[in-house]
Every structure is written in C-alpha cells, then in structure tokens.
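Biologist: Please take a close look at one part of this model, the aromatic rings, and then set that part in the chain as a whole.

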Amino acid sequence: MATRKINGFEYLLPGVDTAIKTLRPGALYDMKDNQFLDWIDDEGRQPPTWQEIEQEILRQVDVYNYYLYERQREEQYPDVKFQLDMLYHDIKNNNLQNGSWIKSIEEVKQKYPKPTTPPPH
C-alpha cells in the first residue's frame, strides 16, 4: 500500500487498492473495470462491496486532505543544505532566536498552518 509519513504517523494514499487492503487485509485479488476477477481470502471473507470501497476511499481522502499542509510545507522549505548554511551563520552571529533560518521556517509554517482540529481517522 502506498503511504506517507509525518511525525511518526503514517497515512494511506487514497485509492481502490488501499481501500480494499484496508477493508480486507491479507486478501488476494485481481480486478478489472471495478469488478473482481479473482478473490482469495484465507479468512473466508467476501470481497467488499463497491459502496464499502467508496466509503473507505472517502475516509482516506479526508485523512489525506488533512495533511495537505505537510505536503505544502515540504515543497516550500529551503533545501537542507541551505538550512544548514543558515543555521551555521545564525549560530556564528549568536542569532538563533531571530536569524535567517528561524525566519524562513516560520514563514512557511505561517503560510501553511497546521489544522487546529484533530486528524480524522
């Protein structure tokens, strides 16, 4: 399953495959045009209905959208090499509280704030 990690929390990238694997972990299947061609489940479970799959995808999309700020921040943060250089100069100048590194990080965090509500599950 395709996933993404942030601060130790891993969330799924929404999709039909991840929905099926979430709904029926361990099941093996083959699919074409949203129809199961083969279904093998050692626990004897039936394939999920298309409605169950759609509901799971919507849940995954909610979680994915919640973490949009994280993906936006990642794109906007300066490259690590530049961050290290900024930190080096801020340390040398005794300016950690108001230096170029902290300003660049805070600018991105303010532009893409973390949601104030808890993440959906």
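To how many aromatic pairs does the count come?

Modeller: This is a predicted model, in which local features need pLDDT of at least 70 and side-chain atom pairs count only at pLDDT 80 or more, while totals for chains, interfaces and linings use all residues. Residues are numbered from 1 along each chain as its sequence is written, and side-chain values use heavy atoms, with hydrogens and water left out.

Rings of Phe, Tyr and Trp (for Trp, its six-membered ring) pair if their centres lie within 6.5 Å; planes under 30 degrees apart count as stacked, over 60 as edge-to-face and the rest as tilted. By this rule there are seven aromatic pairs. One of them is edge-to-face, because the ring centres of Tyr 11 and Tyr 64 lie 6.2 Å apart and the planes are at 65°. This pair links distant parts of the chain, since Tyr 11 is in strand β2 and Tyr 64 in helix α2 (residues 50-66), 53 residues apart. Helices (H or I, at least four residues) and strands (E, at least two) are DSSP runs, numbered from the N terminus.

The two partners differ in cover. Buried means under 20% relative accessible area, exposed over 50%, and partly exposed in between (1.4 Å probe, protein chains only). Tyr 11, at 2%, is therefore buried, whereas Tyr 64 has 26% and is partly exposed. A second edge-to-face pair is that of Phe 36 and Trp 39, because their ring centres are 5.2 Å apart and their planes meet at 80°. Phe 36 is partly exposed as well, with 25% relative accessible area.

Tyr 11 and Tyr 64 also belong to a cluster that ring pairs form with Tyr 66, Tyr 67 and Tyr 69. Tyr 64 has a charge over its face too: Arg 71 is 3.6 Å from the ring centre. The rule for this asks that NZ of Lys or CZ of Arg be within 6 Å of the ring centre and within 35 degrees of the ring normal.

Next, the strand that holds Tyr 11. Strands β1 (residues 3-6) and β2 (residues 9-12) run antiparallel and are joined by four bridges; two strands pair if DSSP finds at least two bridges between them. Across from Tyr 11 in β2 stands Arg 4. Two residues lie between the strands of this hairpin, where Asn 7 has a positive phi near 45°.

Positive phi values turn up again in the loop between β3 (28-32) and β4 (35-40), which holds Asp 33. Phi of Asp 33 is near 50°, and this residue is exposed, at 65% relative accessible area. Asn 34 is found in that loop as well; its phi is about 60°, and at 43% it counts as partly exposed.

Now the whole chain. It has five helices and four strands, in the order β-β-α-β-β-α-α-α-α from the N terminus. The radius of gyration is 21 Å, well over the 14 Å from the globule rule for 121 residues, so the chain is more spread out than a compact globule. That radius is taken over C-alpha atoms, and the rule is 2.2 Å times the number of residues to the power 0.38. Along the principal axes, the C-alpha atoms fill a box of roughly 65 × 25 × 25 Å. Of the 121 residues, 25% are buried.
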